[in-house]
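The following exchange examines a structural model by question and answer.

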Amino acid sequence: MPIAAAYRDIRRLVFGVLALVGLAFAVQGVSAAAPAATAPEASAPAAAQADAAPAKGEPAVGADAAGNTDGGYEHLGPEWIKGQPTAFEDSPLKSMTFQDQYTDDGQFALGMNDYILAPVIVFISAFVFFLLLVVVVRYRRREGREPSRTTHNTLIEVIWTIVPVLILIVIAVPSITLLARQYKTAPADAITIKATGYQWYWGYTYSDNGGFEVISNMLPPEEAEARGLPGHLAVDNRMVVPAGVPLRIQTIGADVIHSFAVPSLWFKMDAVPGRLNERVLTIQEPGIYYGQCSELCGARHGYMPIAIEAVPMDKWRQWVASKGGSFGDEAEVTEAADIQAPASATEGAPAAGDGPTAADDGNAPSVPLDATEPA
Ligand SMILES: [Cu+2]
């Protein structure tokens, strides 16, 4: 009974592979059993801000985002970090998959990945692997056996045409839905914030609030870690935004193409010189969300992280006020839209994104091109 023997061989092989995979997952599960830190209550920062005495006469410049005050505004501390990569040592499984999502689009996309794409991929791969095994074992060359000369089978051909079409439809419906959701334009009352990519730092312009710009440079990793913040991700000035309301995020490049990307917010948009890109972003809950420039933009491309601090609306208004911003109607906004040069563009300013090599000979403009500003 050579066929029965062949099936027994297949069974042994399949069980062996399954046992190995199971063993690997068990090992990972044990090493990833560290308890997840629970996120603090949303009311905590509001309570914390009460003790923050406004420091009279202290310049807001130089204040930083590491839990320090900023003209009476107290920044969120490290316990609020929600969007950041996971180290392999902390959780091998989590380090290889997506970050937790804090936007509706992100959760939709992650659900599509987890419940549609991944199962379909696994099922098809396993099925094809099984068929290959059957063919390899059952139809191998053997003595005294004539190979089958079958070339057509109408029923099977109909099945292998229709089933893939159905699979594609199952994938296409949520996929196109997601695409459409991501291209939805921002509502009229969305708050506009423009992220400008510079070589090599970010500037955040609050166009609806007087047009002030916050310059965001990476903290030296040692300093970040001393404050309990992730090295290479923590910045001196975060992009502070209100949570729970739609934001009209615009991106533009001042010198070369950068890309504004924050994985836990399902947000990635190129920042192209001379072109204003726009996408709506609604962050579900307060927290700190980290991202990085995701377009190779020069020598210090790897050192221009993005840190978004989402806070309740009243707290955000307090921060805007500490920056000298306004909340006026549109007439007031256009009048006050005085674009200031970023502080770090000044010659000799600390952490002005100076290149680490002699190749950085200053050919690229270090001062933002005003011509790229929208009129
Ligand atoms: Cu960049």
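The questions below concern a nonpolar core and its neighbouring topics.

Author: This is a predicted model, in which local features need pLDDT of at least 70, side-chain atom pairs count only at pLDDT 80 or more, and totals for chains, interfaces and linings use all residues. Residues are numbered from 1 along each chain as its sequence is written.

Reader: Which strand gives the largest share of the largest nonpolar core?

Author: A nonpolar core is a set of buried Ala, Val, Leu, Ile, Met, Phe, Trp, Tyr and Cys residues joined through C-beta atoms within 7 Å. A residue is buried if 20 or more other C-beta atoms, placed from the backbone, lie within 10 Å of its own. The core has 55 residues, and those touching the most other members include Ile 193 and Ala 307. Five residues, the largest share, come from residues 305-311, strand β13.

Reader: How many residues of strand β9 are buried?

Author: Strands are DSSP runs of E with at least two residues, numbered from the N terminus. Strand β9 covers residues 258-262 and is mostly covered. Of its five residues, the number buried is four.

Reader: Which residue in β12 stands opposite Ala 261?

Author: Two strands pair if DSSP finds at least two bridges between them. β9 is joined to β10 (residues 267-271) by five antiparallel bridges, and the partner of Ala 261 in β10 is Lys 268. β9 also pairs with β12 (residues 287-293) in the antiparallel sense, over two bridges. In β12, the residue opposite Ala 261 is Gln 292.

Technical notes. Buried ≥ 20, exposed ≤ 12 C-beta atoms within 10 Å, placed from the backbone.
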